[in-house]
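Work through the exercises below with the coordinates open. Try each task before reading its solution.

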Amino acid sequence: MERIQEVTLFILLGTLQRVDHRVFISFLIFIIFLVLFPDLQAMKQSCSISNKNKSYQVLVLVSLIFILVSKWFIFKGDFRQVARSILSSRPRPVGILEENDDEVKLPPKDCDLFTGNWVFDNITHPLYKEDECKFLSEQVTCIRNGRHDSLYQRWRWQPRDCSLPRFKARLLLEKLRGKRVMFVGDSLNRNQWESMVCLLQSATSPGKQSHKKSASLVIFSIEEYNTTVEFYWAPFLVESNSDNPWRHSIKDRIIMPESIKNRGDDWKDVDFLIFNTYIWWMNTGCIKVLRGSSFDTDPIEYDEIERHVAYERVVKTWAKWVEENVDPKFTSVYFMSMSPLHIKSLDWNNPHGIRCARETLPVMNMSTPPNVGTDQRLFVIVANVIQSIKVPVYFLNITTLSEYRKDAHTSVYTTRQGQLITPEQQANPAIYADCIHWCLPGLPDTWNELLFTHIISHTQY
């Protein structure tokens, strides 16, 4: 009987994209029972099984085996754990959550939203379709770029002691009416900004949306709500020689840890500020710090200091700007924690893997997050600085939940230096797999579900 349950659940995962799994489970158990145990039926009826019935049963069995085998190449040895995640998942609350677009059932204020599990959810996820969001960049459209599996889109974050409310674009837009939202930081914050644009655009009229770029700023405008969702390129938050979003050095990155570009004037008068900085710190263990006050000198002189020391100086400079320029009565400030990398497959016990390439499932053992090399010193620095400043800053801990998601990176289905990766490059994932950025729809949508939960919990019309 255990064997039947495993086969049933496995095939369920292969067909869930079309059928409600709660209905399909009952039907499939019945069919498999008839196929695998025809003698029971014959005994009950005290007659032999006809050749016609045998042919029918063989046809059904062959079909089911075909589905199972084809899905084996996606799930490999982890299908039991995936199936268990479906059965053990807590369904989203219904009722006012589904009946009224203006209401949601919020989690208790003391609930830890960042500790939990990933559960397979074919009903509510993905929150939008890749081909229905025209604002996605080629960097993140993994299906369009050749990725064949889409299961990475169908995982929902389930906090341990409560549930996240379902994302409701119109409700959020009402909260944002007449306001500005700005994501400030590196390409991972741009990843999250693209996600937010797609989450909101489906709830607005296509003719009343606009998208424009200006220097370091990209603006998505929603005319009917008088709302803008913006992204500002500042990979280190402070001034650096990499502040041009289209032309910046990869090897010779130099920062001015006590200076913010244009004194942060571009960030002022924004209602919701979402900051991050991490990935650009991870190239080397030491960071180059400019000695003078300008990048125009030749030659440029700099000192190299340890990563965490430089990072703390930068975060304190940012915190000083927040204290001097943010009025918490009008502006809410968020800081996103570190988005992890998945570079070494041994980190999740896959000795035959190549970086994050061909990973199709999260890390299924969720009792302890994998150690994927995240610099926890930087996490602690941000947390401590935020606690020390007078202006409230909400620290959204996306790190641990993201460390499980080895399956969700753009891998070889992305761009490199602005050009789509070629088939020849795709065949060499050891060099070309991008295990930093994330496919969309995908993981950054969960980051925005967390942001959505906090915004609707802490703002009033």
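**Exercise 1. A serine and its partner**

Which side chain makes a polar contact with the side chain of S195? Locate S195 and describe its surroundings.

Solution.
- Step 1. The side chain of S195 makes a polar contact with the side chain of D445, at 2.5 Å. The model is predicted, and side-chain atom pairs count only at pLDDT 80 or more.
- Step 2. Place the residue. S195 sits in helix α8.
- Step 3. Test burial. Buried means under 20% relative accessible area. S195 has 0%, so S195 counts as buried.
- Step 4. List the contacts, leaving aside neighbours within four places in sequence. S195 touches Y128, L440, P444, D445 and N448.

**Exercise 2. The disulfide that reaches helix α8**

Which cysteine is joined to C198, and what is the handedness of the link?

Solution.
- Step 1. Count the disulfides in the structure: there are four.
- Step 2. Find the partner. C198 is joined to C133, with an S to S distance of 2.0 Å.
- Step 3. Read the torsion about the S-S bond. For C133 and C198 it is about -85°, so this disulfide is left-handed.
- Step 4. Place both ends. C133 is in the loop between β1 (116–120) and β2 (155–159), and C198 is in helix α8 (residues 187–201). The two are 65 residues apart, and the pair links distant parts of the chain.
- Step 5. Check burial. Both C133 and C198 are buried.

**Exercise 3. Two more disulfides**

What parts of the chain do the pairs C142 and C439, and C356 and C435, tie together?

Solution.
- Step 1. Take C142 and C439. Their sulfur atoms are 2.1 Å apart, and they form a disulfide.
- Step 2. Get the hand. The torsion about the S-S bond of C142 and C439 is -95°, and the link is left-handed.
- Step 3. Map the ends. C142 lies in the loop between β1 and β2, while C439 lies in the loop between β17 (434–438) and α14 (443–458), so the pair ties together parts 297 residues apart in sequence.
- Step 4. Check exposure. C142 is buried, with a relative accessible area of 0%. C439 also counts as buried, at 0%.
- Step 5. Turn to C356 and C435. A disulfide joins them, S to S 2.2 Å. With -90° about the S-S bond, this link is left-handed.
- Step 6. Map these ends. C356 lies in the loop between β12 (332–336) and α10 (376–388) and C435 in strand β17, so the pair ties together parts 79 residues apart in sequence. Both C356 and C435 are buried.
- Step 7. Write the overall pattern. With the bonded cysteines numbered in sequence order, the pairing is 1-4, 2-5, 3-8, 6-7.

**Exercise 4. The nonpolar cores**

Which residues have the most contacts inside the largest nonpolar core, and which helix gives the most to this core?

Solution.
- Step 1. Size the core. The largest nonpolar core has 109 residues.
- Step 2. Rank by contacts. L200, W267, F275, W318 and F335 have the most contacts inside this core.
- Step 3. Assign the helix. Helix α9 (residues 307–325) gives the most, with eight residues.
- Step 4. Inspect W318. Leaving aside neighbours within four places in sequence, W318 is in contact with L237, I260, F275, V333, F335, I386 and V393.
- Step 5. Look for another core. A second, separate core has nine residues, including C356, V412, A433 and C439.

**Exercise 5. Helix α10**

What span should α10 have, and what covers its buried residues?

Solution.
- Step 1. Compute the expected span. At 1.5 Å a residue, the 13 residues of α10 should span 18 Å.
- Step 2. Compare. The end C-alpha atoms of α10 are 19 Å apart, which agrees.
- Step 3. Pick the buried residues of α10. They are L378, F379, I381, V382, A383, V385 and I386.
- Step 4. Find the cover. It includes α9, β12, β13 (393–396) and α11 (399–403).

**Exercise 6. Strand β1 and the loop after it**

In which sense do β1 and β2 pair, parallel or antiparallel?

Solution.
- Step 1. Read the bridges. β1 and β2 pair in the antiparallel sense over five bridges. One of the partners is P159 in β2, which bridges to G116.
- Step 2. Check burial. Four of the five residues of β1 are buried, and the strand is mostly covered.
- Step 3. Move into the loop between β1 and β2, where N122 is found. N122 is buried, with a relative accessible area of 12%.
- Step 4. Find its link. The side chains of N122 and R154 share a polar contact of 2.8 Å.

Notes:
Residues numbered from 1 in each chain as written. Predicted model: local features only at pLDDT ≥ 70, side-chain atom pairs only at ≥ 80, totals over all residues. Heavy atoms only, no water. Core = buried A, V, L, I, M, F, W, Y, C linked by side-chain atoms within 4.5 Å. Buried < 20%, exposed > 50% of the residue type's maximum accessible area, 1.4 Å probe, protein only. Contact = heavy atoms within 4.5 Å. Disulfide = S-S within 2.5 Å. Polar contact = N/O pair within 3.5 Å; in protein donor to acceptor, adjacent residues only side chain to side chain. Expected span 1.5 Å × (residues − 1). Pairing = 2+ DSSP bridges.
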